[in-house]
Amino acid sequence: MWFNKTITPRISRATQRRETRPSPITRAGIETEVAKRYWKTKLDAFFSMTYISPVITRFKSNKEERDAVLSVLWKNKPGRELTVQ
């Protein structure tokens with residue numbers, strides 16, 4: 001025979017149960033998550049921010065104020081050449 005067939009043994013592995021139904025993703029859910037993280041993601045590349053207690057409370061209660069403050073910070077960010085003396 002011109003064809004040499006080699007038989008390889010196969011090992012069965014135990015499988016774990018896994019989810020077969022997809023998680024529901026809605027447009028409203030995506031927009032909410034993006035709005036939460038947009039400014040934080042942008043600013044984390046430049047700053048190491050720590051929020052103090054009154055600021056956290058205000059930002060959690062008023063999302064519009066939080067976005068306004070963080071957008072002004074982004075607009076007025078210093079250049080990369082800034083050093084602390």
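How much space lies in the largest pocket? About 300 Å³. The legends below take you there and to some other spots in this predicted model.

**View 1. Three helices make up the secondary structure of the chain.**
Start with the whole chain before zooming in. There are three helices and zero strands, and from the N terminus on the elements run α-α-α. Helix α1 covers residues 27–44, helix α2 covers 53–61 and helix α3 covers 63–75. The chain has 85 residues, and 7% of them count as buried. About 8,800 Å² is exposed by the chain, with carbon and sulfur atoms supplying 56% of that area.

**View 2. The largest pocket holds about 300 Å³ of space.**
Lining this pocket are 13 residues, and the closest to its centre are Lys 40, Tyr 51, Phe 59, Lys 60 and Arg 66. Which elements give two or more residues to the lining? They are α1, α2 and α3. Helix α1 gives the most, with five residues. Sorted by class, the lining has six nonpolar residues, seven charged ones and no polar ones.

**View 3. Tyr 38 and Trp 39 form an edge-to-face pair of rings.**
Now for the aromatic side chains. A pair of aromatic rings is described by the distance of the centres and the angle of the planes. The structure holds two such pairs. In the pair shown here, the ring centres of Tyr 38 and Trp 39 are 4.8 Å apart. Why is this pair called edge-to-face? Because the planes of the two rings stand at 80 degrees, and planes over 60 degrees apart count as edge-to-face. Are these two residues buried or exposed, or in between? Tyr 38 has 40% relative accessibility, so this residue counts as partly exposed. Trp 39 has 18%, so this residue counts as buried; the cut-off for buried is under 20%.

**View 4. Phe 46 and Trp 74 pair up across distant parts of the chain.**
This aromatic pair is also described as edge-to-face, with 5.2 Å from centre to centre and 70 degrees between the planes. Where do the two partners sit? Phe 46 is in the loop between α1 and α2, while Trp 74 is in helix α3. The two residues are 28 residues apart, yet their rings form a pair. Phe 46 counts as partly exposed because its relative accessibility is 31%.

**View 5. Lys 40 and Asp 44 meet in a salt bridge.**
How many salt bridges does a search of the whole structure find? Three. In the one shown here, the side chains of Lys 40 and Asp 44 come to 2.8 Å, N to O. These residues are four apart in helix α1, so about one helical turn separates them. Lys 40 has a relative accessible area of 42% and is partly exposed. Asp 44 is partly exposed too, with 38%. You have already met Lys 40, one of the residues closest to the centre of the largest pocket.

**View 6. Arg 58 forms a salt bridge with Glu 65.**
The closest N and O atoms of this pair are 2.3 Å apart. Arg 58 has 49% relative accessibility and so counts as partly exposed; the label exposed would need over 50%. Glu 65 is partly exposed as well, with a relative accessible area of 23%.

**View 7. Arg 66 and Asp 67 also meet in a salt bridge.**
Between these side chains the distance is 3.2 Å, N to O. Is Arg 66 buried or exposed? At 14% relative accessibility, Arg 66 counts as buried. Asp 67 is partly exposed, at 24%. Arg 66 is also among the residues closest to the centre of the largest pocket.

**View 8. Val 69 and Ile 56 offer two distances to compare with the sequence.**
Val 69 is found in helix α3 and, at 39% relative accessibility, counts as partly exposed. From Val 69 to Phe 59 there are 10 residues in sequence and 9.3 Å in space, C-alpha to C-alpha. Ile 56 lies in helix α2 and is partly exposed, with a relative accessible area of 33%. Ile 56 and Arg 66 are 10 residues apart along the chain, and 9.3 Å separates their C-alpha atoms.

Notes
Residues are numbered from 1 along each chain as its sequence is written. Side-chain values use heavy atoms; hydrogens and water are left out. Rings of Phe, Tyr and Trp (its six-membered ring) pair if their centres lie within 6.5 Å; planes under 30 degrees apart count as stacked, over 60 as edge-to-face and the rest as tilted. Buried means under 20% relative accessible area, exposed over 50%, partly exposed in between (1.4 Å probe, protein chains only). On a 1 Å grid over the protein atoms alone, a cavity is a set of points where a 1.4 Å probe fits but cannot get out, and a pocket is an open set with protein on both sides within 12 Å along at least five of seven lines; lining residues have an atom within 4 Å of a point. Grid points are joined across faces, edges and corners, and a volume is the space filled by probe spheres set on the points. Ala, Val, Leu, Ile, Met, Phe, Trp, Tyr, Cys and Pro count as nonpolar, Asp, Glu, Lys and Arg as charged, and the others, Gly among them, as polar. A salt bridge is a side-chain nitrogen of Lys or Arg within 4 Å of a carboxyl oxygen of Asp or Glu. Accessible areas come from the Shrake-Rupley method with a 1.4 Å probe; for residues, only the protein chains shown count as cover.
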